[in-house]
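Work through the exercises below with the structure open. Each task is followed by a solution in steps.

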Amino acid sequence: MRALLLCLLALVSGGCTISDRFPAESEPETTASPVKKKPIKPHTRSSFSSVRIYTNAYELTGTLFRELGDVTGESCQVSNQDSPPNISTARKRLQINAAKIKANAVLLHRCDVTSGTPGCYRQAVCLGSALDISVR
């Protein structure tokens, strides 16, 4: 039994010295420079202020546009002591979310103030469709 332990100890200690003599192969170095990512710009006032809000579909009559998808904006009153939710803040956030998907207009469907939303005591929500309006 002692002989087995001595052999095992010799094998383990010998294995460590072998790995020290022959280092593991490393990955080949590349000469290509790393890919640089574009920095994300924070949304400024001009990015969402260029998104026009249409409140009536008839305003778009005769205009060429493409619908990019539905967007929402919300303002949340977390507790009873906080300031109440604001519809104008919800509309501004609607414009910001539309600008994120490269829209230049929003057809506003509705804005509502609701209560009982998880995480909000009361909430103002605006819903609309993001549009890309072609300039003639």
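Two strands count as paired if DSSP finds at least two bridges between them. The model used here is predicted.

**Exercise 1. Strand pairing**

Task: Find which strands pair with β3, and in which sense.

Solution.
Step 1. Begin with β1, residues 52-54, and β3, residues 105-115; these are joined by 3 bridges in the parallel sense. Since two bridges are enough for a pair, β1 and β3 qualify.
Step 2. Locate a bridge within this pair: Y54 has L107 in β3 as its partner.
Step 3. Turn to β4, residues 122-133, which runs antiparallel to β3 with 10 bridges between them. Here A105 is opposite L131 of β4.
Step 4. Inspect the hairpin of β3 and β4. It has 6 residues between the strands, and G116 adopts a positive phi near 90°.

**Exercise 2. Helix α3 and the residue after it**

Task: Check the length of α3 against its expected span, then describe K102.

Solution.
Step 1. The expected span is 1.5 Å times one less than the number of residues. For the 14 residues of α3 this gives 20 Å, and the end C-alpha atoms are 20 Å apart, so the two agree.
Step 2. List the buried residues of the helix: A90, L94, Q95, A98 and A99.
Step 3. Move on to K102, in the loop between α3 (87-100) and β3. Its phi is positive, about 65°, although K102 is not a glycine.
Step 4. Classify K102 by accessibility. The cut-off for exposed is over 50%; K102 has 69% relative accessibility and therefore counts as exposed.

**Exercise 3. The surroundings of Q77**

Task: Decide whether Q77 is buried or exposed, and find what its side chain reaches.

Solution.
Step 1. Place the residue: Q77 belongs to β2, residues 65-77.
Step 2. Buried means under 20% relative accessible area. Q77 is at 4%, so it is buried.
Step 3. Look for polar partners of the Q77 side chain. One of its polar atoms is 3.2 Å from the backbone oxygen of S79, and the side chain also reaches the backbone oxygen of D82 at 3.2 Å.
Step 4. Leave out residues up to four places away in sequence and list the contacts of Q77: D82, S83, P84, P85, C120, Y121 and R122.

**Exercise 4. The disulfides**

Task: How many disulfides are there, and which cysteines form them?

Solution.
Step 1. A search of the whole structure gives 2 disulfides.
Step 2. One is formed by C76 and C120, with sulfur atoms 1.8 Å apart. The torsion about its S-S bond is about -125°, so this disulfide is left-handed. C76 lies in β2 and C120 in the loop between β3 and β4, so the pair ties together parts 44 residues apart in sequence.
Step 3. Compare accessibility within that pair: C76 is partly exposed at 33%, whereas C120 is buried at 13%.
Step 4. The other is formed by C111 and C126, with sulfur atoms 2.0 Å apart. Its torsion about the S-S bond is 110°, and the link is right-handed. C111 lies in β3 and C126 in β4, so the pair ties together parts 15 residues apart in sequence.
Step 5. Classify these two cysteines: C111 is partly exposed at 22%, and C126 is buried at 0%.
Step 6. Count the bonded cysteines along the chain; the pattern of the disulfides is 1-3, 2-4.

Conventions
Residues are numbered from 1 along each chain as its sequence is written. This is a predicted model: local features need pLDDT of at least 70, side-chain atom pairs count only at pLDDT 80 or more; totals for chains, interfaces and linings use all residues. Side-chain values use heavy atoms; hydrogens and water are left out. Helices (H or I, at least four residues) and strands (E, at least two) are DSSP runs, numbered from the N terminus. Buried means under 20% relative accessible area, exposed over 50%, partly exposed in between (1.4 Å probe, protein chains only). A polar contact is a pair of N or O atoms within 3.5 Å; within protein, one must be able to donate a hydrogen and the other to accept it, and residues adjacent in sequence count only if both atoms are side-chain atoms. Contact means heavy atoms within 4.5 Å. A disulfide is a pair of cysteine sulfur atoms within 2.5 Å.
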